[in-house]
Each structure stands twice: as structure tokens, then as C-alpha cells.
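Work through the exercises below with the sequence and the 3D structure open. Try each task before reading its solution.

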Amino acid sequence: MKIFTSAQIRELDQYTIDHEPIKSIDLMERTAKAVMRAICEQWATTTPIIVFAGPGNNGGDALAVARLLAEANYLVSVYLFNIHGHLSADCATNRQRLRDCRLVKAFTEVTQEFDPPQLESNMLVVDGLFGSGINKPLNGGFSSLVKYINASPSRVVSIDLPSGLMCEDNTYNIRSNIIMADLTLTLQQPKLAFFFPENQPYIGKLRVLDIRISAEGIRKTDAQYNIIEETEIRPLLMGRDSYAHKGSMGNALLIAGSYGMAGAAVLAAKACLRSGAGKVTVHSPRRNNMILQISVPEAIVQLDSEDTIFSEAVDTEEYNALGIGPGLGQNETTAIALIAQLRRTQCPIVADADALNMLANHRAWLMQLPKEIIFTPHPKEFDRLEGHSADSYERLTKAREMAERQQAYVILKGHYSALCCPDGHVMFNNTGNAGMATAGSGDVLTGIITALLARGYGRKEACMVGMYLHGLAGDIAARHLGQESLIASDLIQYLPEAFKRLND
């Protein structure tokens with residue numbers, strides 16, 4: 001699913017108006033009916049409703065919603081803010097329609113002073129002040145109104161976006177001047193701002209309403225941001241030939257685990273085996289030998305010359321993919337071995353965890369890395385690489401720039417992990433849950449992607465399928481175990497079920 005910018009949203013609205021064809025006021029009516037139905041599904045006609053409408057098309061939507069709710073026997077009071085004496089054409093039309101309707105309890109057009117209504121806990125506020133068109137923080141009377149609504153005990157439904165929240169970049173927004181909605185009814189497509197954790201308190205529960213924007217227009221419009229869907233993942237899965245053997249199913253190498261961190265190597269290796277690699281070799285310090293041999297008997301253990309650290313690059317000619325970094329530690333000898341390993345490796349590489357931390361400590365080495373390397377940082381690891389970011393939008397922008405600059409794949413991990421590709425496109429993963437916020441989850445992802453690369457998936461496909469499977473296994477595990485008790489090894493346990501779901 002594509003994620004469009006505010007400018008593209010306006011263009012698609014116009015494309016629909018021109019090519020359906022449909023009048024803009026009729027498209028607004030269609031939108032209002034979808035919003036009205038969503039509200040009616042959750043709130044009974046006994047719920048008093050207060051509608052706050054702004055002067056633009058979001059306000060026009062809100063006025064139409066108010067009229068439709070009144071016609072459905074809701075007790076509706078409406079406040080239209082026309083401070084500057086100018087309404088959009090469709091907002092003005094819906095103002096007249098609302099007046100003609102005569103079913104609303106009260107209609108107030110605010111032009112100067114505003115005496116706010118008492119908002120009670122049994123009431124529902126419909127927020128139609130501002131939608132996707134704003135590009136600066138709310139101020140003045142509107143900021144005061146937002147604070148008044150947020151301080152009230154009423155439930156709040158926002159049309160398209162919570163008023164005050166910008167569609168993409170909220171880095172310099174004033175957070176106290178954004179509506180904190182309980183439910184956001186966004187139109188046609190989710191907005192980029194919805195994918196950042198700091199914006200979640202304003203969005204509440206999110207529901208995407210289909211208002212039948214032109215499918216042709218959506219198809220023709222290129223989007224820099226997309227959401228990975230299951231229908232995209234299923235065709236990417238590689239089948240197994242009936243005559244397959246371990247030698248034809250991929251040979252993966254994991255360089256992981258310093259002494260005391262053998263668990264990271266174990267998790268990555270088990271995930272790699274469960275993700276279909278024919279052979280998995282784990283290169284680790286000597287003192288990890290017994291742990292690995294007992295914990296992962298299916299893996300081949302290749303011992304470093306040192307007892308406690310990774311100390312020297314190894315030959316990778318016979319391997320189809322390399323995963324490096326989980327539990328590796330940051331000893332300077334290990335750092336020198338790391339860059340030597342990355343420079344000499346010819347097969348696809350996944351660099352995670354301490355591999356990223358060591359590169360952050362030696363930033364000049366980034367220019368020596370092979371093209372199409374895959375990085376899998378969590379936010380703090382990424383900030384060590386690229387510097388502190390004020391918010392998630394800035395961090396994502398830096399990750400996208402890094403992917404283009406390095407011609408690499410950067411998976412910025414989070415609730416919606418984002419795959420930043422060398423061509424500048426970004427793909428959000430929509431599987432996974434908060435139970436996966438536990439030590440070792442990243443090691444499992446490294447193992448999964450390394451296995452898929454070894455199996456013969458392209459780098460982009462391995463990242464997409466790997467992210468989706470990782471999150472799907474977490475979702476299945478959470479259904480069985482609950483989020484609170486989830487640990488990283490549970491993800492490996494439910495990987496087979498995740499594969500089965502996609503294959504079935």
C-alpha cells in the first residue's frame with residue numbers, strides 16, 4: 001500500500017474529480033458518509049456530539065458529517081470557525097446545507113469571540129478543524145481550543161488527521177497544540193506521520209476509510225513510502241525442489257558471540273536454520289564451543305583462534321551469505337577483524353548489533369564497505385552511526401540518505417520497521433507487536449535474513465520477506481503466549497507456523 005504526501009493527496013483528489021468524474025462537493029459527501037458510518041458503528045444515538053469545523057475542506061467534511069449524524073437522530077451541536085471571513089467553496093456549501101437541514105441542536109459560526117461549550121465525559125467531540133493541508137504549528141485561538149479539548153473528559157474522533165498534526169514532518173511542531181484523538185478516521189491511505197512512535201498519543205486507534213479515490217490515479221502515482229502487505233510477500237517465497245539437498249539449500253556463515261554473549265550466536269543460528277538454510281556455520285571464540293555444540297547441534301561450529309573474541313577474518317568463498325555482529329563485542333582487535341572481513345567477503349552480508357557499533361566508532365570505514373550490504377540497526381545503533389536525531393522523521397530521513405549514499409539496504413527497526421533501499425524508496429513492515437521489545441529479537445532477524453540470502457533471495461526480497469516473517473512469528477507467538485511473556489526464542493519457535501501461513 002502506498003503512502004502519499006499531502007501534496008500527492010491533493011493531486012489524487014483532483015484526479016478523482018476529473019476522471020471519475022465527480023464534483024468535489026459530491027466527493028466530500030462520499031467522505032462524510034464513510035465517516036458518519038464509522039461513528040455510528042461505535043456510538044449510540046444517545047451520545048451527545050460536538051462538532052468543531054475549520055474553514056477549509058476538513059471543516060467541510062465535518063459540517064457534512066454533522067448534518068448526516070443529525071439526520072440519523074443524533075443530538076449534534078456544531079461550531080464553525082470562520083475567523084478570517086473566508087471558507088473554502090465546499091465548506092461554504094456544506095454550511096448552507098447544514099442550515100437548511102434544521103435538524104442540528106445548535107449551529108454557531110465563530111467569527112470573533114468564542115465561548116466554548118462544556119465538554120462532558122458522555123459526549124463525543126468530532127475534530128474537523130484542520131486536515132492534511134497544514135504546514136505549520138497551530139497558534140492563537142486554535143491552539144487554545146486544542147488544549148481545551150485535550151483537557152476535557154470527552155472522547156475525540158478526528159477526521160483524516162488529528163488537527164495540528166502534519167502529514168509528514170512534525171520535527172518542529174508544538175506538541176501541546178495537537179489534538180489527542182481517541183480514534184482517527186483517516187481517508188483512503190495512512191499518512192507517513194502515523195508510522196512514528198512519538199505521534200501515537202495523538203492518533204489513538206487508527207482506522208482507514210475507503211472513500212473510493214481513483215484506483216487508476218493511485219496506481220499511476222509513484223510513492224516514496226510504501227507498506228509491505230502479505231499479498232506482496234506470498235509471490236516472493238521460494239519453493240523447495242523435490243530433489244533438494246543440504247548443499248543446494250544455501251550455506252550460511254554467522255560470525256557472532258564474544259565470550260559471555262554466546263546466546264546471541266545461538267539465537268541467530270537457530271533462526272537461520274529455521275528459515276531454511278541447508279547448512280549453517282557459526283564462527284565464535286573457543287570458549288563458546290560447548291554452548292554452541294549443545295544448544296544448536298544442527299550447526300557447524302568454527303572456532304576462532306582466540307578464547308573470548310573474534311580476532312581474524314575468515315575465508316567466505318564457500319558460503320552463500322554472511323551474518324555478522326550479534327554479541328560480537330567491541331574489542332579493538334575485533335573491530336580490525338570486522339573491517340577486514342567486510343572488505344574481503346564476496347557474498348551478501350547482513351551487519352547487525354556490534355558490527356554497527358564498531359563501524360560507528362570508525363566512521364571512515366563506511367566508505368570501504370561493499371555495495372548492497374544490509375544494515376539492521378535499532379534507533380540507538382543508528383544514531384551512533386549517523387548522529388542524534390530529534391525525532392523519528394529525521395532519523396528515517398537520515399536512514400534513507402544513508403541507504404542512497406552507501407548503496408545499501410538499511411532496516412531501521414521499530415514498531416513499523418522501515419526498509420530504506422538504495423533507490424530512495426522506503427518500505428514499512430506492518431507485522432510485529434510490542435511483545436517483541438525484548439533482548440535477542442534483533443539476533444533472530446539477522447539469522448532469518450542471512451538464511452534467505454543463502455537460499456538465493458535477492459537482497460531486497462530477503463529484507464522484505466525477513467522483516468515480514470519476523471513480525472508474523474511474533475504476532476503468532478503473542479496470540480499463544482501474550483505479549484508480556486514473549487522472549488526472543490519464542491519467535492524462532494513460531495517461525496514454522498509463520499512460513500506455513502504464507503505458503504498456505
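**Exercise 1. Strand pairing and the open sheet**

Task: In this predicted model, find how many bridges join strand 17 to strand 18, and say whether the two strands run parallel or antiparallel.

Solution. Step 1: Locate strand 17 at residues 418-420 and strand 18 at residues 426-429. Step 2: Count the bridges that join them, which gives 3. Step 3: Compare the directions of the two strands; they run antiparallel. Step 4: Check one position: C420 stands opposite V426 in strand 18.

Step 5: Place the pair in its sheet. The sheet is open and has 11 strands, in the order 1-9-18-17-16-15-14-13-10-11-12, with mixed pairing. Step 6: Look at the edges. Strand 1 (2-3) and strand 12 each have a single partner strand, so one side of each has no neighbour in the sheet.

**Exercise 2. A parallel pair and its crossover**

Task: Describe how strand 11 is joined to strand 12, and name the helix that makes a β-α-β unit with them.

Solution. Step 1: Strand 11 covers residues 279-284 and strand 12 covers residues 300-303. Step 2: The two strands run parallel and are joined by 4 bridges. Step 3: For one bridge, start at S284; its partner in strand 12 is L303. Step 4: Bring in helix 10 (residues 289-295), which together with strand 11 and strand 12 makes a β-α-β unit. Step 5: State the hand of the unit: it is right-handed.

**Exercise 3. An aromatic pair**

Task: Classify the ring pair of Y79 and F114, and explain why the class applies.

Solution. Step 1: Begin with the total, which is 10 aromatic pairs in the structure. Step 2: Take the distance between the ring centres of Y79 and F114, 5.6 Å, and the angle between their planes, 75 degrees. Step 3: Compare with the cut-offs: centres within 6.5 Å make a pair, and planes over 60 degrees apart count as edge-to-face. The pair of Y79 and F114 is therefore edge-to-face.

Step 4: Find where the two residues lie. Y79 is in strand 3 (residues 76-81), while F114 is in the loop between strand 4 (106-110) and strand 5 (124-128), so the pair ties together parts that are 35 residues apart in sequence. Step 5: Assign the accessibility classes. Y79 has a relative accessible area of 13% and is buried, whereas F114, at 24%, is partly exposed. Step 6: Extend the view to the cluster that ring pairs form from F52, Y79, F81, F114, F130 and F142.

**Exercise 4. Cysteines**

Task: How many disulfides does a search of the whole structure find?

Solution. Step 1: The search finds 0 disulfides. Step 2: Check C91. The nearest cysteine sulfur belongs to C101 and is 16 Å away. A disulfide needs two sulfur atoms within 2.5 Å, and C91 is in no disulfide. Step 3: Add its accessibility: C91 is buried, with a relative accessible area of 0%. Step 4: Repeat for C101, which is in no disulfide either; the nearest cysteine sulfur is that of C40, 14 Å away. C101 is buried as well, at 17% relative accessible area.

**Exercise 5. Backbone angles in loops**

Task: Describe the peptide bond from E20 to P21, then give the phi values of N73 and R102.

Solution. Step 1: The bond from E20 to P21 is cis, with omega near -20 degrees. P21 lies in the loop between helix 1 (6-19) and helix 2 (24-42). Step 2: N73 has phi near 75 degrees, a positive value in a residue other than glycine. N73 belongs to the loop between helix 3 (57-71) and strand 3, and is exposed at 63% relative accessible area. Step 3: R102 is not a glycine, yet its phi is positive, about 60 degrees. R102 lies in the loop between helix 4 (89-101) and strand 4, and is exposed at 72% relative accessible area.

**Exercise 6. The span of a helix**

Task: Compare the span of helix 2 with the expected value.

Solution. Step 1: Helix 2 has 19 residues. Step 2: At 1.5 Å a residue, the expected span is 27 Å. Step 3: From the first C-alpha to the last, helix 2 reaches 28 Å, which is close to that value. Step 4: List buried residues of helix 2; among them are I25, M28, A32, V35 and I39.

Conventions:
Residues are numbered from 1 along each chain as its sequence is written. This is a predicted model: local features need pLDDT of at least 70, side-chain atom pairs count only at pLDDT 80 or more; totals for chains, interfaces and linings use all residues. Side-chain values use heavy atoms; hydrogens and water are left out. Rings of Phe, Tyr and Trp (its six-membered ring) pair if their centres lie within 6.5 Å; planes under 30 degrees apart count as stacked, over 60 as edge-to-face and the rest as tilted. Buried means under 20% relative accessible area, exposed over 50%, partly exposed in between (1.4 Å probe, protein chains only). Two strands pair if DSSP finds at least two bridges between them. A crossover is right-handed if, with the strands pointing away from the viewer, the path from the first strand over the helix to the second runs clockwise. The expected span of a helix is 1.5 Å times one less than its number of residues.
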